Amino acid sequence: MTTEREPDPIAAFYEHHPYPPPIDDLDRYRRGWADGRLRRIEHHRRWPSAPFRDDHSILIAGCGTSQAAKYAARYPNARVTGIDASATSIEQTRRLAERYRLDNLDLRLMAIEDVGQLDESFDQVVCTGVLHHLAEPEVGLRALRDVLAPQGALDAMLYAPYGRTGVYMIQEYCRMLGVRPEPGDIDDLVASLRELPTGHPLGPLLRNTPDFANDDALADALLNPRDQAYSVPGVFALLAGTGFQFDRWIRQAPYRPQCGVLGGLPHGERIAVLPIEQQFAALELYRGTMVRHSFIAHRDDDPPTTIRFDGEAWGGYVPIRTANSVAVQERLPAGVAAALLNRAHTYPDLILFATEEQQRRFELIDGQRTIDEIAADAAFFERLWWHDLIVIDASAQRCHE
Ligand SMILES: C[S@@+](CC[C@H](N)C(=O)[O-])C[C@H]1O[C@@H](n2cnc3c(N)ncnc32)[C@H](O)[C@@H]1O
């Protein structure tokens with residue numbers, strides 16, 4: 001379906017610089033999701049109280065070249081709809097869909113702002129790396145809110161400002177020089193970036209972002225015609241103005257003063273008494289290098305189930321270890337039996353040091369036992385949860401109901 005919207009420079013940009021760099025192989029990706037464990041973790045990250053399902057209706061809004069195909073491959077029982085304003089993105093996704101016979105995937109060339117024309121609602125809306133490119137992100141997000149089912153979950157990723165300072169400096173530099181997203185200009189830009197002065201704020205991103213080796217991805221970051229970042233307060237303001245309620249960060253430990261180095265410093269206590277949104281904002285300022293915010297939100301007329309460790313319910317929670325959580329035995333401080341950590345974290349201070357007894361409790365987590373059945377230690381399981389080492393299945397509440 002095509003829409004009658006004015007041509008958007010962003011759509012034109014992604015026609016020529018599709019993102020992410022196109023792929024033609026989903027075999028490894030599909031194998032990674034085959035055993036169902038990841039699906040259960042991701043379900044309870046979004047819906048702790050709802051019994052596990054993997055047959056949701058899912059909208060991938062601004063799906064790029066492969067995201068919608070990946071969702072269709074990892075959730076064969078789900079119905080997935082991918083929309084994008086760029087015909088190249090839709091075409092690349094269609095190729096993957098054909099190659100992998102993804103009959104559960106529907107693709108539409110369509111702007112997010114027009115998504116209401118589908119006349120459908122979705123249990124999950126995924127919109128990552130897109131809203132910050134819209135002329136009016138509030139309008140796009142409001143349109144997504146209107147198609148989110150009452151118990152539905154929004155997964156979003158927005159750029160964050162402070163960690164991208166170097167990106168915004170080079171974007172401005174390129175605008176001054178009239179650098180355009182065309183092959184010759186990109187080659188010249190790459191040549192200049194190779195000689196970027198030591199200590200330039202873009203340096204760490206250039207070194208650590210594999211994407212930057214690809215011209216389209218480089219253009220996506222440095223020559224994008226529209227790109228506005230959101231600080232933590234900006235994320236909360238955007239959600240509040242569009243009918244959403246924040247639920248959680250996908251990875252929450254970096255935003256939590258008790259989880260990292262600040263937990264052992266006097267400022268950790270000062271931050272911990274602030275309202276939770278200010279705690280998150282303070283951590284963004286302190287860490288200084290966050291480049292994006294990935295989070296889950298729900299409709300504000302359907303507030304999310306809060307995981308609480310101070311009431312009656314927690315003993316009946318079933319903890320499930322997250323995919324990247326491990327107990328490490330190397331280079332431990334005295335009196336510590338293990339360092340519990342999530343390998344997906346990029347901040348090295350996000351470690352939970354465990355005693356022998358705590359390590360035993362961690363090993364007993366099998367996705368079946370409740371907290372009461374392992375050990376009635378709310379404080380420890382709360383720390384595991386904040387450290388992204390577990391998600392909670394609160395759907396049975398076996399012990400306390
Ligand atoms: C950076 S890519 C992100 C792709 C994908 N979400 C991912 O995370 O891999 C941004 C995508 O959003 C699409 N896009 C930008 N503005 C849009 C709009 N108003 N409506 C629909 N798609 C849009 C672009 O065409 C592009 O494919």
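Which residues does Ile-351 touch, not counting residues up to four places away in sequence? They are Ala-339 and Leu-341. The model is predicted. The domain assignment of the chain gives three parts: domain 1 (9-161 + 228-299), domain 2 (162-222) and domain 3 (313-393). The points below take up strand β11, helices α5, α3 and α8, the ligand shell, the domain contact and some backbone details.

**Ile-351 and strand β11**
- Ile-351 belongs to strand β11, residues 351-354.
- Ile-351 has 21 other C-beta atoms within 10 Å. The cut-off for a buried residue is 20 or more, so Ile-351 counts as buried.
- Ala-339, one of its contacts, is 12 residues away in sequence. The C-alpha atoms of Ile-351 and Ala-339 are 6.2 Å apart.

**Helix α5**
- Helix α5 runs over residues 87-99 and has 13 residues. At 1.5 Å a residue it should span 18 Å. Its end C-alpha atoms are 18 Å apart, so the model agrees with the expected span.
- The buried residues in α5 are Ser-89, Ile-90, Gln-92, Thr-93, Leu-96 and Ala-97.
- These buried residues cover an arc of only 165 degrees around the axis, which means that they sit on the same side of α5.
- The general geometry fits this reading: an α-helix has 3.6 residues a turn, so residues three or four places apart point the same way.
- The cover over the buried residues of α5 includes two helices, α1 (9-16) and α4 (67-74). It also includes two strands, β2 (79-84) and β3 (105-109).
- Exposed residues Glu-98 and Arg-99 are on the face of α5 turned away from its buried side.

**After α5: Arg-101**
- Arg-101 follows α5 and lies in the loop between α5 and β3.
- Its phi is positive, about 50 degrees, although Arg-101 is not a glycine.
- Arg-101 has 8 C-beta neighbours inside 10 Å, and therefore counts as exposed.

**Other backbone details**
- Arg-331 also has a positive phi without being a glycine; the value is near 45 degrees.
- Arg-331 is in the loop between β9 (325-328) and β10 (338-342).
- Arg-331 counts as exposed because it has 6 C-beta neighbours inside 10 Å.
- Tyr-19 and Pro-20 are joined by a cis peptide bond, with omega about -10 degrees.
- Pro-20 of that bond is in the loop between α1 and α2 (27-32).

**Ligand shell**
- The ligand is surrounded by 24 residues. The closest are Tyr-14, Gly-62, Gly-64, Ala-85 and Ser-86.
- Two elements, α1 and β2, give two or more residues to this shell.
- Which element gives the most to the shell around the ligand? It is α1, with three residues.
- By class, the shell holds 12 nonpolar, nine polar and three charged residues.
- Both α1 and β2 recur here: they contribute to the ligand shell, and they are among the elements that cover the buried residues of α5.

**Domain 1 against domain 2**
- Domain 1 is assigned two segments, 9-161 and 228-299, and domain 2 is assigned 162-222.
- The C-alpha centres of domain 1 and domain 2 are 25 Å apart.
- On the domain 1 side, 16 residues are in contact with 10 residues of domain 2.
- The domain 1 residues that touch domain 2 divide into 11 nonpolar, four polar and one charged.

**Helix α3**
- In α3 (residues 37-46), the buried residues are Glu-42, His-43, His-44 and Arg-46.
- These buried residues pack against four strands: β5 (148-159), β7 (292-299), β8 (318-321) and β12 (390-393).

**Asp-185 in helix α8**
- Asp-185 is in helix α8, residues 183-194.
- Is Asp-185 buried or partly exposed? With 16 other C-beta atoms within 10 Å, Asp-185 is partly exposed.
- Not counting residues up to four places away in sequence, Asp-185 touches Val-179 and Arg-180.
- Cys-174 is 11 residues from Asp-185 along the chain, and their C-alpha atoms are separated by 9.8 Å.

Terms used:
Residues numbered from 1 in each chain as written. Predicted model: local features only at pLDDT ≥ 70, side-chain atom pairs only at ≥ 80, totals over all residues. Expected span 1.5 Å × (residues − 1). Buried ≥ 20, exposed ≤ 12 C-beta atoms within 10 Å, placed from the backbone. Arc of directions from axis to C-beta. Contact = placed C-beta atoms within 7 Å. Near = placed C-beta within 6 Å. Nonpolar A, V, L, I, M, F, W, Y, C, P; charged D, E, K, R; others polar. Domains from an automatic or database assignment.
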